[in-house]
Protein chains: 2
Amino acid sequence: MAAPDQPIFGALAESLGFLLRLAQLQAFDEYFSAEGSPEHGPGEMSILLMIDANPMIRQGVLARALRIKRAHMTKIIQSFDRAGLVQTSVPADDRRSLELTLTPAGKDRLARVWDRVSLNELGRPGNLTQRETDTLKRLLRKYLSIAAPAEGADA
Amino acid sequence: MAAPDQPIFGALAESLGFLLRLAQLQAFDEYFSAEGSPEHGPGEMSILLMIDANPMIRQGVLARALRIKRAHMTKIIQSFDRAGLVQTSVPADDRRSLELTLTPAGKDRLARVWDRVSLNELGRPGNLTQRETDTLKRLLRKYLSIAAPAEGADA
DNA sequence: CGCCAATTGTCTACTAGGAAACAAAATGAT
DNA sequence: ATCATTTTGTTTCCTAGTAGACAATTGGCG
């Protein structure tokens, strides 16, 4: 009943939220092991990927989709803007909002970092078979109500 | 090609790490909707649950299992200790380490908060069937190399 | 024994991210 | 038109979590 080096997870092992928490932390460890000293963490990477896939996306739409709070999104976008990675524009039909698009420098940066990360992100983790990995991703997309990607997606 | 209110997720929809990140944030939203203004966030809850399931667990073992950095664990345990929720003791065979056990007050606190959260954590999320939920949890445990819980686990 | 390497918890800074209040612009009701 | 409500981005302050250096302890090895 005492505590060995491999503790008992108890209720945590049945709890979806905590399993997701631990799995995400493990995935990030692998992410950072791929990127030596990362220019961009997972949060910033997801923003770059999202703007790349959705040019002229509005800042608020981006924040909701990635579940990043607006306050935080403001800081990241402003730093991207200062670094010349995104170009912002105010649409004529709603002058409160900001439309975001990657600059050529932003696309370069994204491509370079993604090259170092994509194998870990798209590939199969050691603990799961390819089939299990596909099932896991499919269930996560369904949980999130995210559409499955098109078949011929770029690497 | 412009950006609608439901953006295209592109490479994110195939990337295990980012799917896990988004899923965890969604799960936390549901967690916080269950606990009005939470006495303990998910991180602290997982620590209480873990100490409850593993009395006399060493602080470092706990940190590794929950993937919380030692520096952070120190702060949380010290605050738990000040609040009278855990009892710490130095084992005779290794005077560097700390053994952690829940006090009666700690067990009470855990039971009270868990009551408000367990339905969301153990139940089936709206987007998935019961069977899909079970599969998802099983695959996450396998990804994490966590043993499946015993059958007759407490609610 | 004495010395060197690894481990454990802790401390001090720092970064990522959130909560709440706010101004400007849009929307809707009258 | 006018006023209240909502939305969007921003600002300030705060919390959760990390990075790196550190002292104390342990274990190995001559």
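**Protein surface at the two DNA strands**

Student: Start with DNA strand D. What share of its atoms within 4 Å of the protein is sugar or phosphate?
Tutor: In this predicted model, 62% of the strand D atoms within 4 Å of the protein belong to sugar or phosphate, and the rest to bases.

Student: Which residues come nearest to strand D?
Tutor: Of the 20 residues around strand D, the nearest are R21(A), G60(A), R96(A), H72(B) and K75(B).

Student: What does K75(B) touch there?
Tutor: An N or O atom in the side chain of K75(B) is 2.8 Å from a base oxygen of DNA strand D.

Student: And which backbone atoms lie by its phosphates?
Tutor: L98(A) has a backbone N or O atom 3.1 Å from a phosphate oxygen of strand D. For K69(B), a backbone N or O atom lies 3.4 Å from a phosphate oxygen of that strand.

Student: Which helix gives the most to the surface near strand D?
Tutor: α4(A), with five residues.

Student: Now strand C. Which helix gives the most there?
Tutor: For strand C it is α4(B), with five residues. Helices that each supply at least two residues are α4 (70-82) of chain A, and α3 (59-66) and α4 (70-82) of chain B.

Student: Which part of R21(B) lies by a strand C phosphate oxygen, and how far away?
Tutor: A polar side-chain atom of R21(B), at 2.7 Å. With R95(A), a polar backbone atom is 2.7 Å from a phosphate oxygen of strand C. G60(B) has a polar backbone atom 2.8 Å from a phosphate oxygen of strand C.

Student: How many charged residues are in the surface near strand C?
Tutor: 11 charged, alongside six polar and three nonpolar.

Definitions and conventions:
Residues numbered from 1 in each chain as written. Chains lettered and ligands numbered in written order. Predicted model: local features only at pLDDT ≥ 70, side-chain atom pairs only at ≥ 80, totals over all residues. Heavy atoms only, no water. Polar contact = N/O pair within 3.5 Å; in protein donor to acceptor, adjacent residues only side chain to side chain. Helix = DSSP H or I, 4+ residues; strand = E, 2+ residues; numbered from the N terminus. Nonpolar A, V, L, I, M, F, W, Y, C, P; charged D, E, K, R; others polar. Near = heavy atom within 4 Å.
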